[in-house]
Amino acid sequence: MGQFQDLTTRVKLNPETYFKYDGGEHILLKNIHSDDGLSIKYDIMLILYELIHWKSVGELIAPWPPDDQEKIKTHLETLYASRIVITDEAEAAVASESGLSETLGKNIHINVENHHVMLRDFVRMAAYRRAIERAVTPETVALDLGCGSGVLSFFAAKAGARKIFAIERRSDIIYLAEQLANANGLASQIEFVEGASSHISEERLQPKPNLLVAEILANGILEENVLEFTIDARRRFLAPGARMIPCGLDIYFFGFDCGLHQSRWEEVEEFKDLYGIDFTLLGHVLCGKATMRLDRFNTALHKAVTDPVLVQAIDFMTLENPAFVSRFKLVAKEDGQITSFCGYFKAHLDAETVLTNSPWAPPTHWTHLIYTLPAARSVKRGDVLQLELIYDGAMRLQLLD
């Protein structure tokens, strides 16, 4: 590699490219002056999102671990060779038709599909709106952590908050949020701050916020280091006695039978017949743990074999150490089999408002956290299963017996 080893090299998206969301797994990126499409993994897109504006290589890689920094440089070489990124304005193509409106600008088709889905989650939106309207006074200075489309900031502004700091690391989304604030006459109350909150100095947010609002909930319950970011923001940014929405999060699990279930040993044994290759060693690895997937527990098709149990209660106001290990028991309430465990959350937005993706609550856009056993576990009524939920930046579930 050459120029991208120089941390002062400036890099930017070629304005003659555009992005299109493709099936939820990849981004289809087409160079407008080529008939060829490139399938770009989502982690590379996180890099490209930062390159709407000129950035030095040093600025781009600074938030990432050392190994990832070298990978980013390699990606930049590939993207530069494909003219997807440029290092000089003169390298951009002369003319194109991006298909974007002048209002959005930036010559990039941002992925707004997921924000559209969240805005259409009326259970989610109503709960946050109620909690924010109850918390906001004319003296409120709010911090919207990971503002996305800006909707929580807009709720706070319309409720009469004196000022809102809206932090968002993605350049394209925060630009859209700014334009929405302008279009709704809320720009004077909201100050948008681009960047990861952990890389923003506490002096940047003055006066200190006395209310933090954040949509930190996910299908996987705890994803993208949300606990770490929340603790950091509370410690460094908030005024003494500040309120937080949500203020707490409860994690529940229960065991269920999904019906037809083939053991992983049987699946691995099939590989030998299909491919003529013995994958027994792979089987030992697969069959040593439950496999996580994000899916929905269907109350009409699946049978809950245990009652839900509160596994971990998190108080965002006092939490200091994000890592935890929680051991818990599930008791079979009838004879049968357990193939999987389902996790869901209850978020306490304030003392009165609970937002949950429980399978038995009004549906939301969130799915559930499912751990599937390597093989079905037969149980009798009263049988006790010992489990352990671990969080150390990622969540894992282990069956202990």
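Student: Which residue stands opposite Arg10 in E5?

Tutor: Quick ground rules: this is a predicted model, where local features need pLDDT of at least 70, side-chain atom pairs count only at pLDDT 80 or more, and totals for chains, interfaces and linings use all residues. Residues are numbered from 1 along each chain as its sequence is written, and side-chain values use heavy atoms, leaving out hydrogens and water. Strands here are DSSP runs of E with at least two residues, helices are H or I runs of at least four, and both are numbered from the N terminus. E1 covers residues 10-13 and runs antiparallel to E5, with 2 bridges joining them; two strands pair if DSSP finds at least two bridges between them. Val11 sits opposite Lys55, and the partner of Arg10 is Ser56.

Student: Which strands stand at the edges of that sheet?

Tutor: The open sheet has 3 strands in the order E5-E1-E6, paired antiparallel. Two of them have a single partner strand each, so one side of each is left without a neighbour in the sheet. Those are E5 (55-56) and E6 (85-86).

Student: What stands opposite Lys12 in E6?

Tutor: E1 and E6 are antiparallel too, joined by 2 bridges. Opposite Lys12 you'll find Ile86.

Student: Is Gln189 buried or exposed?

Tutor: Gln189 lies in the loop between helix H7 (171-183) and strand E9 (190-194). Buried means under 20% relative accessible area, exposed over 50%, and partly exposed in between, using a 1.4 Å probe and protein chains only. At 18%, Gln189 is buried.
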